[in-house]
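Me: Could you walk me through the strands and charged pairs here, step by step? I will put the structure up so that we can both look.

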Amino acid sequence: MEPQNSSRCRQNFLIAVALITCFSAIFYIYYKPTVNWLNCPSVPIHDISRNITELASSGEDPDTILLIWIWPFGLKFDLESCGSLYGMHGCRLTDDRSQFHRAHGVLFHHRDIHWDLSNMPKLPRPPHQKWVWMNMESPTNSPNTNVKDLFNLTTTYRRDSDIMVPYGRILENTGGEKHNEIPQKNKLVCWIVSNWNSAHKRSEYYSELQKHIRIETYGNHFGKYISNQEYLDVVSSCKFFLSFENSIHKDYITEKLFNPLSLGTVPVVIGPSRKNYEEFVPGSAFIHVDDFNSPEKLAEHLKVLDKNEDLYRQYFSWREHFVARRAPFGLEHACLACDHIRRNKNYRVVKDLNSWFWG
């Protein structure tokens, strides 16, 4: 019996193997899997980038909004210029006060908020919102406001501000234009002033200087109002321009310096120290009154330069590689403040604005 059983087992095994083989062949031929796990299709990298962009624009990474509460001195500027002028993206400027609760920051110009703060927002400030204090006047010319813990950030001409914006800049000349040519001159020394105060250092210095050299004077104080175009023509036609600041404070270097530099005239400055000036502009680009023992000595130096063209032209050597640019008032403050808020999400408060600015 054992040989028969063994033969029958081998037959059954062969039949089973044959059936399994046939079934597997039929399954492979006719079965169409919906997912090919061994060969999944790849996602193009540009599709991944597009998806990331769509996520960013969907609200997960919104633009930073800066609300301009009051236009500085009423002077409006293009709210869409941050990208084109400064290459800043992700910032949106607005003057629409209905956006107050959505705004990440609010810009307040010091001279345009009442000293009792009556025209400040009446609504509570959202916890995330930064209030930015903007001021380009010196402490002497800024009415004191006794506030503490009200503002989060400062933007002024001072280098110790959170967002420092000078009145102008000396920039590398990357455009290849020639700026070392000097406009035609028919005047020696000029001064334009409307805000006259006999107690100012500049007034006292002028009164003494004009005894030793001829000075062409313009402005309301001298009864010679000039328009913007006349201003450009006058300044560029002078060999020297009296760039006298109305008050002396560290870093307070205004358009009185940068305008003559950009117009091809040598500024004669009264303001902070020469060292402070040279942190902003080349030392060979201007004449500082502190370099002379008296106004009479300064007058003698200017007369020497007037007669020696080579010496005079040395004050323009910096223009071979650099250009002077004025900062757009208000716009640069708003763009830089918005960008600062976008990049810095940390808590910040100005504990005592008075002691910091007025000291």
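Reply: Happy to! Let's begin with a term: buried means under 20% relative accessible area, exposed means over 50%, and partly exposed lies in between, with a 1.4 Å probe and protein chains only. This is a predicted model, where local features need pLDDT of at least 70, side-chain atom pairs count only at pLDDT 80 or more, and totals for chains, interfaces and linings use all residues. Residues are numbered from 1 along each chain as its sequence is written, and side-chain values use heavy atoms, leaving out hydrogens and water.

Me: Is Lys297 buried, partly exposed or exposed?

Reply: The relative accessibility of Lys297 is 43%. Partly exposed covers the range between the buried and exposed cut-offs, so Lys297 counts as partly exposed.

Me: Which residue does Lys297 meet in a salt bridge?

Reply: A salt bridge here is a side-chain nitrogen of Lys or Arg within 4 Å of a carboxyl oxygen of Asp or Glu. The partner lies three residues apart from Lys297 in helix H8 (residues 295-307), about one turn of the helix; helices are DSSP runs of H or I with at least four residues, numbered from the N terminus. At an N to O distance of 4.0 Å, the side chain that Lys297 meets is that of Glu300.

Me: How far apart are the closest N and O atoms of Glu278 and Arg274?

Reply: Glu278 is partly exposed at 42%, and Arg274 is partly exposed at 22%. Their side chains form a salt bridge, with the closest N and O atoms apart by 2.9 Å.

Me: In the pair of Asp251 and Lys250, which residue is buried?

Reply: These two form a salt bridge, the closest N and O atoms being 3.7 Å apart, and both are linked with Arg159 and Glu279 in a network of salt bridges. Lys250 has 54% relative accessibility and counts as exposed. With a relative accessible area of 6%, the buried residue is Asp251.

Me: How many salt bridges does the structure hold?

Reply: Side chains of opposite charge can pair when their charged atoms come close. Among the pairs in this model is Lys297 with Glu300. The total number of salt bridges is 19.

Me: Now the sheet: which strands are the edge strands?

Reply: Two strands pair if DSSP finds at least two bridges between them, and a strand is a DSSP run of E with at least two residues. The open sheet has six strands in the order S2-S1-S3-S4-S5-S6, with parallel pairing. Pairing on one side only, the edge strands are S2 (91-94) and S6 (163-164).

Me: Which residue in S6 stands opposite Thr156?

Reply: Strand S5 (residues 153-156) pairs with S6 in the parallel sense over two bridges. Opposite Thr156, in S6, stands Met164.
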